[in-house]
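Colleague: I am new to this structure and would like a close look at a single part before turning to what lies around it. Could you take me through it slowly?

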Amino acid sequence: MDDLYRDYILEHYRRPHNFGVLETPTATYEGSNPLCGDRITMQLDVEDGVVREVGFTGRGCAISQASASLLTDEIKGKPLADVSSFAATDVLDLLGIEISPARLKCAMLSFDALQHLLDELGAKPLANDPA
Amino acid sequence: MTTIEERPVATETEAPARAPLDAAAIRADFPILDQSVNGHRLVYLDSAATSQKPRAVIDALDAYYRQDNANVHRGIYALSERATAGYEGARVKVAKLLNVNDPHEIIWTRNATESINLVAYSWGRKHISRGDVIVLTEMEHHANLVPWQLLAQEKDADLEFIPITDDGVLRQDVFDVLLRLKPKLVAFTHVSNTLGTINPVEDMTRRAHEAGALVLIDGAQAVPHLPVDVQAIGADFYAFSGHKALGPTGSGVLWARRELLEAMPPFMGGGDMIREVHLRRSDWNDIPWKFEAGTPDIAAQIGLGVAADYLRDLGMDRLRDHERDLVGYALDVLPREVPGIDLYGPMDPEIRGGVVPFNIPGVHPHDAAQVLDRFGVAVRAGHHCTMPLHERLDLGATARASFQCYTTRDDIDALANGLKEVQRLFGV
């Protein structure tokens, strides 16, 4: 019945990849969605301009957790330059489901956190509205 | 000068055994309910966010714009006189609903939020100063919290909070301790929008007065659901939103005692709130118009008057009986039909309005609400504008089902069935 809650989305929600705290993070950012009380803490461990490790913790809905899981998978091992060129629409492509306007904030919670981390690392200045 | 038509307020003495509301028949009065959503009958369980509107209210808006539309208190012609009569007549209807004798004490606002801000700006900025104490509670809606934060920050005043127990009841023993701080104002909700808790407002008001405090009550979740007699409660300020009480959005009410309103400076300046304007000073209009600057939402307030009559015709005692029954049914059925569901708030329907917050462990409330929508069931998910309360209960968010006169046991069964599908989909 469901276009939104496909098996792989639910699988990422139940067992998110890269969920946890890094031992030696280069940058840490805590983000939240004030509308629903969702929170995310994302960490990057960057060495020689490459994302060696990425981790996130927090609580959220299936959409926000699955998008964080998919996004962190995508950027792990990639040069910061590549990560910086990653756009919001790429997150939607990763999710591969129709996101209604009401759930866009959920889908973009991890992407928003990543933009703050890239800004902190000097890789990409923060836009006014990263989402 | 406009006067408000005053008629004696009926005091109704109802027989102890009241005929129950016929919710199925009532549903026919609400055109919006006659639709399907995603192939299912619409089950609207978000009345605490905003209520649906009976046909009489919708018709009143339509009739106003088709026949009577003109500005109030200004034109010397038939339309303006009709608009003014409707606008002021609605004040009398709302006064009756609240058992207020003097309709001049009914101030029109946009909603409860504006009503409370009016008091915080107008009364608060005159009477609150450095070191003064304002007592609030942990269960307040942001509307009865943030205006006082703004005031306290500006005046360097102190906010104190009555805590709640784990099942969402105010700690009256701590309230007694806080009253020893000699607060200037005590402000609390009549019924919690998140937990449904019905607070003992008469008793709390009496004790606050004994301690020398004024009392403001946020009645946004009370006026639409149970008998509210502001004289019996004895508070100083009482606020509610029209759109939660079967009325249009943009309609709201602040009631306050006449002597307080007359001593308060205006909230906003502009047309209609003045008697005489000179280039460097003005004299204020009488109450209530002193607080109603600019062209108001005339149609909305007329609609609210019709909603007030509709509620009075239903009988607020009967509406309360109906919602008490629904709460009892929900608290009984949901744990049986939806094993593992977490319910919050007092489990005694006697002290609980028609609000049932819940969580399905392992499923975020946003996801639960999204799946319920597939079955036509509309519930709220989030923090319901009570972030400190969710923090106190250590909850990120909750889903919430809330009721009105048109809610039936069938609606609660539909919720239970939908939640079973949520559990099945998420494998919990």
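What should the 22 residues of helix 11 (residues 316-337) of chain B span at 1.5 Å a residue, and how far apart are its end C-alpha atoms?

Modeller: Please keep in mind that this is a predicted model. At 1.5 Å a residue, helix 11 of chain B should span 32 Å, and its end C-alpha atoms lie 31 Å apart, which agrees with that expectation. Along this helix the buried residues are B:M316, B:L319, B:R320, B:H322, B:E323, B:L326, B:V327, B:Y329, B:A330, B:L331, B:V333 and B:L334, a list in which B:R320 and B:E323 appear together with B:L319 and B:L326. The elements that cover these buried residues include helix 1 (23-27), helix 3, helix 10 (298-314), strand 13 (342-343), strand 14 (355-359) and helix 14 of chain B.

Two of those covering helices can be followed further through their aromatic residues. Helix 3 (residues 78-97) of chain B carries B:Y87, while B:W108 belongs to strand 4 (residues 106-109) of chain B, so the pair formed by these two rings ties together parts that are 21 residues apart in sequence. The pair is tilted, with 6.2 Å from centre to centre and 55° between the planes. B:Y87 counts as buried because its relative accessibility is 1%, and B:W108 counts as buried at 4%, the cut-off being under 20%.

Helix 14 (residues 409-426) of chain B leads to the other chain, because B:F426 lies in this helix and A:Y13 in helix 1 (residues 7-14) of chain A, so their pair joins two chains. Here the arrangement is edge-to-face, at 5.8 Å centre to centre and 90° between the planes, and both A:Y13 and B:F426 are buried. Ring pairs also bring in A:Y5, which forms a cluster with A:Y13 and B:F426. Over all chains, the structure holds nine aromatic pairs.

Having crossed to chain A, one meets an open sheet of three strands in the order 1-2-3, with antiparallel pairing. Strand 1 (27-33) and strand 3 (50-59) of chain A stand at its edges with a single partner strand each, so one side of each has no neighbour in the sheet. From one strand to the next, the twist averages 20°. Strand 1 is joined to strand 2 (residues 38-47) of chain A by seven bridges, and A:G31 stands opposite A:I40 of strand 2. Helix 2 (residues 62-75) of chain A lies across strand 2 and strand 3 of chain A and runs at about 170° to strand 3.

Returning to chain B, there is strand pairing in the parallel sense to compare with this. Strand 7 (residues 185-189) and strand 8 of chain B pair in that sense over five bridges, with B:T189 opposite B:D218 and B:F188 partnered by B:I217. Strand 5 (residues 133-137) of chain B also pairs with strand 7 in the parallel sense, over two bridges, and B:I134 stands opposite B:L185. Five of the five residues of strand 8 (residues 214-218) of chain B are buried, so that strand is largely enclosed by the rest of the structure; for strand 7 of chain B, five of the five residues are likewise buried, so it too is largely enclosed. From strand 7, B:L185, B:A187 and B:T189 point one way and B:V186 and B:F188 the other way.

How values were computed. Residues numbered from 1 in each chain as written. Chains lettered and ligands numbered in written order. Predicted model: local features only at pLDDT ≥ 70, side-chain atom pairs only at ≥ 80, totals over all residues. Heavy atoms only, no water. Phe/Tyr/Trp six-rings, centres within 6.5 Å; stacked < 30°, edge-to-face > 60°. Helix = DSSP H or I, 4+ residues; strand = E, 2+ residues; numbered from the N terminus. Buried < 20%, exposed > 50% of the residue type's maximum accessible area, 1.4 Å probe, protein only. Pairing = 2+ DSSP bridges. Axes fitted to C-alpha atoms, helices over the stretch in contact; angles between N-to-C directions. Contact = heavy atoms within 4.5 Å. Expected span 1.5 Å × (residues − 1).
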